[in-house]
Amino acid sequence: MKYIYLLSFMVLIFGCNTTQENKKEMPQSKIEVEQVKVPVINIEEANRLAQLPIHCIQTEYPNKLNQTIGGDDDLKSPKNLHPAFYGCFDWHSAVHGHWSLVSLLRQYPNLDNADEIKGMLLENLSAKNIKAEVAYFFEPYNATYERTYGWAWLLKLTEELHKWGDPVSKELESNLKPLTDLIVEKYIDFIPKLNYPIRVGEHPNTAFGLSFAYDYAKSLGNEQLQFLIEERAKDFYLKDVNCPLSWEPSGFDFLSPCFEEAALMKRVLPKEEFKSWLSEFLPQLKDENFSIETGKVSDRTDGKLVHLDGVNFSRAWSLNEIAKDLPEYNHLKNIANQHINYSLPSIVGDSYEGGHWLGSFAIYALNTVERD
């Protein structure tokens with residue numbers, strides 16, 4: 001009898017092990033994911049999107065100055081305070097409105113109104129106007145103005161001018177250089193002092209600011225800034241795991257804290273080290289069935305609620321950065337396309353609350369889409 005019990009026990013153990021092994025070997029069923037239309041930026045779309053910055057970079061009002069005043073003498077008009085970047089509702093939007101036009105002209109030299117656009121750029125970004133912009137940062141209370149969101153876009157504008165190679169771009173880059181140099185100095189001074197990264201989904205997000213500054217540093221060969229960003233990004237984020245993606249987006253977000261961080265680390269880490277880091281930080285991204293709902297906008301006339309169109313574009317550019325040169329993450333590109341396709345049709349001809357800035361986000365997101 002004891003042999004029967006022993007035999008039964010062995011069968012039970014073997015059966016359990018076999019069952020466990022079968023469970024391990026069972027392949028995960030793949031859901032057939034709809035492949036959405038790949039959004040493209042062509043000459044027609046470029047002309048459509050160009051209308052947004054054309055109509056705002058020299059539009060002074062309405063305007064949000066975000067100004068700390070020290071007395072009555074500081075109460076001046078936007079154009080007096082910021083002769084280069086007085087349009088598009090606020091300083092940083094004016095900066096990336098100029099970036100939008102430079103980016104479109106670089107890609108499409110035969111853009112409609114090309115000569116008019118170049119004239120606007122030369123008028124706004126004159127050496128005299130940039131000198132006044134530099135002086136603003138040396139006024140009392142203004143040393144940290146637009147830190148770091150506006151700083152990041154200023155460096156992105158310089159990077160785009162540097163890549164353009166048009167005679168006009170050389171003049172503009174030269175005019176802008178004193179302000180560019182000042183912003184670089186400010187980054188180099190500020191980043192070592194920042195003990196903790198800022199992880200919000202709006203302007204102060206550290207990962208976003210460092211990503212754009214890093215792109216500038218690589219493109220223009222600023223090794224000091226590049227090395228500093230690499231080191232601080234690792235200090236801030238290398239030990240992060242399990243980013244709470246389910247918490248996103250918050251109601252006013254236009255950036256994804258999780259995706260922006262991952263896109264920065266993709267820039268600064270070697271490929272294999274990044275893949276290992278990402279598998280701990282956002283392990284769900286590796287799943288080919290991964291999906292995430294687009295940010296839903298309930299009212300595009302509300303300047304804060306329309307931020308969620310921005311989160312769709314910024315998610316797209318981050319996902320495309322993460323997936324670049326990593327075939328195992330190619331499925332993320334389809335999610336990026338879903339996000340662009342949701343928000344792109346609504347931004348032209350809509351209210352000024354979104355129109356003064358969303359064109360730049362759309363253009364940057366479209367620039368990250370792989371073209372045939």
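These are my notebook entries on a predicted model of one chain.

**Entry 1: the whole chain**

I started with secondary structure and got 16 helices and zero strands. I then looked up the extent: the C-alpha atoms fill a box of roughly 105 × 45 × 40 Å along the principal axes. Of the 372 residues, 52% come out as buried. I also checked how far apart in sequence the contacting residues sit. Among contacts with a separation of 6 or more, 78% are between residues 24 or more positions apart.

The surface came next. The accessible area is about 17,900 Å², and carbon and sulfur atoms hold 53% of that. For charges I have 37 positive and 53 negative, and the mean positions of the two sets are 5 Å apart.

**Entry 2: α2 against α16**

How do helix α2 and helix α16 pack, and at what angle? I noted residues 43-54 for α2 and 358-367 for α16, with an angle of about 150 degrees and axes 9 Å apart. Angles over 145 degrees count as roughly antiparallel, so α2 and α16 go down as roughly antiparallel. On the α2 side the contact is made by E45, L49 and L52, and α16 brings G359, A362, I363 and L366.

**Entry 3: the loop after α2**

I stayed with α2 and followed the chain into the loop between α2 and α3, where P62 lies. α3 itself covers 78-81. The Y61 to P62 peptide bond is cis, with omega near 0 degrees.

N66 is in the loop between α2 and α3 too. I flagged N66 for its phi, which is near 50 degrees and so positive in a residue other than glycine. Is N66 buried, partly exposed or exposed? Its relative accessible area is 42%. Buried needs under 20% and exposed needs over 50%, so N66 is partly exposed.

**Entry 4: E146**

I found another positive phi in a residue other than glycine at E146, near 65 degrees. E146 is in the loop between α6 (127-136) and α7 (149-164). Its relative accessibility is 12%, so I wrote E146 down as buried.

**Entry 5: the α10 to α11 loop**

This loop runs between α10 (223-237) and α11 (257-268), and P249 is in it. Here I noted a cis peptide bond joining E248 and P249, with omega about -10 degrees.

D253 lies in the loop between α10 and α11 as well. At 6% relative accessibility, D253 counts as buried. Which residues does D253 touch, leaving aside its neighbours within four places in sequence? I listed G201, H307, L308 and V311. I also looked up D309, which is 56 residues away from D253 along the chain; their C-alpha atoms are separated by 9.1 Å.

**Entry 6: H307, from the other side**

The D253 list sent me to H307. Where is H307? I placed it in helix α13, which spans residues 307-323. The relative accessible area of H307 is 7%, so this histidine is buried. Without its neighbours within four places in sequence, H307 has contacts with E202, F252, D253, F254 and W357. D253 turns up in that list, just as H307 turns up in the list for D253. I closed the page with H307 and D253 both entered as buried.

Definitions and conventions: Residues are numbered from 1 along each chain as its sequence is written. This is a predicted model: local features need pLDDT of at least 70, side-chain atom pairs count only at pLDDT 80 or more; totals for chains, interfaces and linings use all residues. Side-chain values use heavy atoms; hydrogens and water are left out. Helices (H or I, at least four residues) and strands (E, at least two) are DSSP runs, numbered from the N terminus. Buried means under 20% relative accessible area, exposed over 50%, partly exposed in between (1.4 Å probe, protein chains only). Contact means heavy atoms within 4.5 Å. Accessible areas come from the Shrake-Rupley method with a 1.4 Å probe; for residues, only the protein chains shown count as cover. Lys and Arg count as positive and Asp and Glu as negative; His and the chain ends are not counted. The place of a charge is taken as NZ of Lys, CZ of Arg, CG of Asp or CD of Glu. Axes are lines fitted to C-alpha atoms, for helices over the stretch in contact, and angles run from 0 to 180 degrees between N-to-C directions. Angles under 35 degrees count as roughly parallel, over 145 as roughly antiparallel, 65 to 115 as roughly perpendicular and the rest as oblique.
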